[in-house]
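Reader: I am new to this structure and would like to learn how to read its charged residues. Could you take me through them slowly?

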Amino acid sequence: MKKLLLLVLFITVTAVTYAGGYRVSVQGQRAMAMGHTGVAVVNSAELVFFNPAGLVYLENKLNVSVGASGIFTDVIYQNSETGISAETDNSVGTPLNLYASYRVNDWMSVGLGVYTPYGSEVTWPTDWAGSHLVNNIDLSAIFIQPTVSFKISDYFSIGGGPIYAIGSVNFNRNADRFATDFDGNRSNITIDDGGITNWGWTIGAMFNPTENLRLGFNYRSEIDIKAEGGDATFANFPNSTNPLVPPNGATTFDAELPLPAELTLGVSYEHKKWLFAFDYNRQFWNAYESLNLSFANGVSSINPRQYKNSSVYRFGLQYQATEKIALRAGYYRDESPVQPGFFAPETPRNDSDGFSGGVSYAITSRLAIDASFFYLKFQEVDASYDFASDGVSFGGTYESSAFGPGLGLTYKM
């Protein structure tokens with residue numbers, strides 16, 4: 001039962017990590033339609049997120065972009081040897097974003113971004129074969145990012161600012177494969193914590209060697225998430241005098257883990273009505289080596305994860321069809337940071353291909369509607385999780401996909 005308590009801690013922090021280890025990037029409608037490219041594209045206040053250095057090149061004094069997406073995800077699990085299968089409920093996430101920039105003078109602009117880079121939900125059938133790892137998980141995060149941008153010359157600019165992260169998580173799983181109370185109800189643990197906060201920072205640069213060619217750079221720092229005094233509830237455990245059997249009721253936990261730093265390099269080229277963009281994004285997941293955990297009863301545990309650094313390759317295209325209509329399309333290849341033996345059903349993440357498109361329609365010279373969509377197809381993978389409390393690996397074949405339509409507004413004056 002001591003191993004059970006350690007696993008509870010392990011799963012608790014893994015649930016928070018789910019936000020980073022399984023990320024569908026939707027940080028702007030225009031960028032999303034172009035394969036989530038944007039580090040070298042100057043077309044809206046979405047630059048607050050993608051590259052604050054570009055804000056000084058926006059033509060208007062005030063720029064505002066607001067948007068939301070509905071993300072529908074689905075995961076199918078099957079073990080061909082046992083014949084067991086399960087499918088998650090079709091979960092719906094609603095990431096939001098709000099960006100604003102203001103030109104102070106010819107060489108300085110300021111901006112503010114409020115966005116949800118992490119937010120997802122996975123719900124497996126109750127008491128399914130992997131319920132000792134996860135039944136359901138619901139997490140969200142909000143980033144608040146003030147920025148400032150300086151034009152060094154017509155060809156070069158820099159920008160950046162702090163990031164304030166706020167997160168919450170709710171997670172439930174059964175105790176192990178067979179544990180029940182005396183009435184046969186499965187023993188389970190629920191983890192809940194909110195208001196988890198910390199600071200990070202971002203810095204960017206933009207170089208414009210010609211009128212039509214832009215080069216961009218953006219770096220976001222690692223943010224350490226610290227859960228302190230989070231709520232943990234034990235239910236349906238048998239009443240026992242055995243000290244290894246946890247009592248039913250509430251206790252607390254502490255945990256800490258890194259959200260990795262990431263670096264994005266990009267280029268855009270504009271020719272007449274066409275705009276091409278390419279971004280290379282590197283995520284430094286090697287910071288996530290292990291989980292250091294502590295429980296209110298004094299138990300501590302170190303759990304190896306050994307994630308690897310991963311890359312995302314993004315391609316975007318825009319065509320200005322008319323004065324009022326801009327068409328966009330994109331593709332991106334996203335590598336998974338998860339290594340063999342660490343594939344858990346609360347983070348069903350593997351290599352994926354993303355396809356996107358969208359359109360902007362200018363209602364007036366100041367206001368435009370932005371629509372986008374993406375379809376993300378994860379590679380089918382045979383994988384296992386080898387660190388369950390009973391020492392038995394849990395594995396099988398996973399098929400995953402995600403679809404996300406989005407809508408936003410862009411205002412400038």
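**Charged pairs and a charged patch**

Author: Arg 30 is buried, and Asp 370 is buried as well, where buried means under 20% relative accessible area, exposed over 50% and partly exposed in between (1.4 Å probe, protein chains only). This is a predicted model, in which local features need pLDDT of at least 70 and side-chain atom pairs count only at pLDDT 80 or more, while totals for chains, interfaces and linings use all residues. Residues are numbered from 1 along each chain as its sequence is written, and side-chain values use heavy atoms, with hydrogens and water left out.

Reader: What do the side chains of Arg 30 and Asp 370 form?

Author: A salt bridge is a side-chain nitrogen of Lys or Arg within 4 Å of a carboxyl oxygen of Asp or Glu, and Arg 30 and Asp 370 form one at 3.0 Å, N to O. Arg 30 lies in helix 2 (residues 29-33) and Asp 370 in strand 21 (residues 367-378), so the pair ties together parts that are 340 residues apart in sequence; helices (H or I, at least four residues) and strands (E, at least two) are DSSP runs, numbered from the N terminus.

Reader: How many salt bridges does this rule give?

Author: The count comes to three. Another of them joins Arg 220 and Glu 262, whose closest N and O atoms are 2.8 Å apart. Arg 220 is buried, because its relative accessible area is 9%, and Glu 262 counts as buried at 7%.

Reader: Is Asp 353, which meets Arg 333 in a salt bridge, buried or exposed?

Author: Asp 353 counts as buried at 19% relative accessibility, whereas Arg 333 is partly exposed at 23%.
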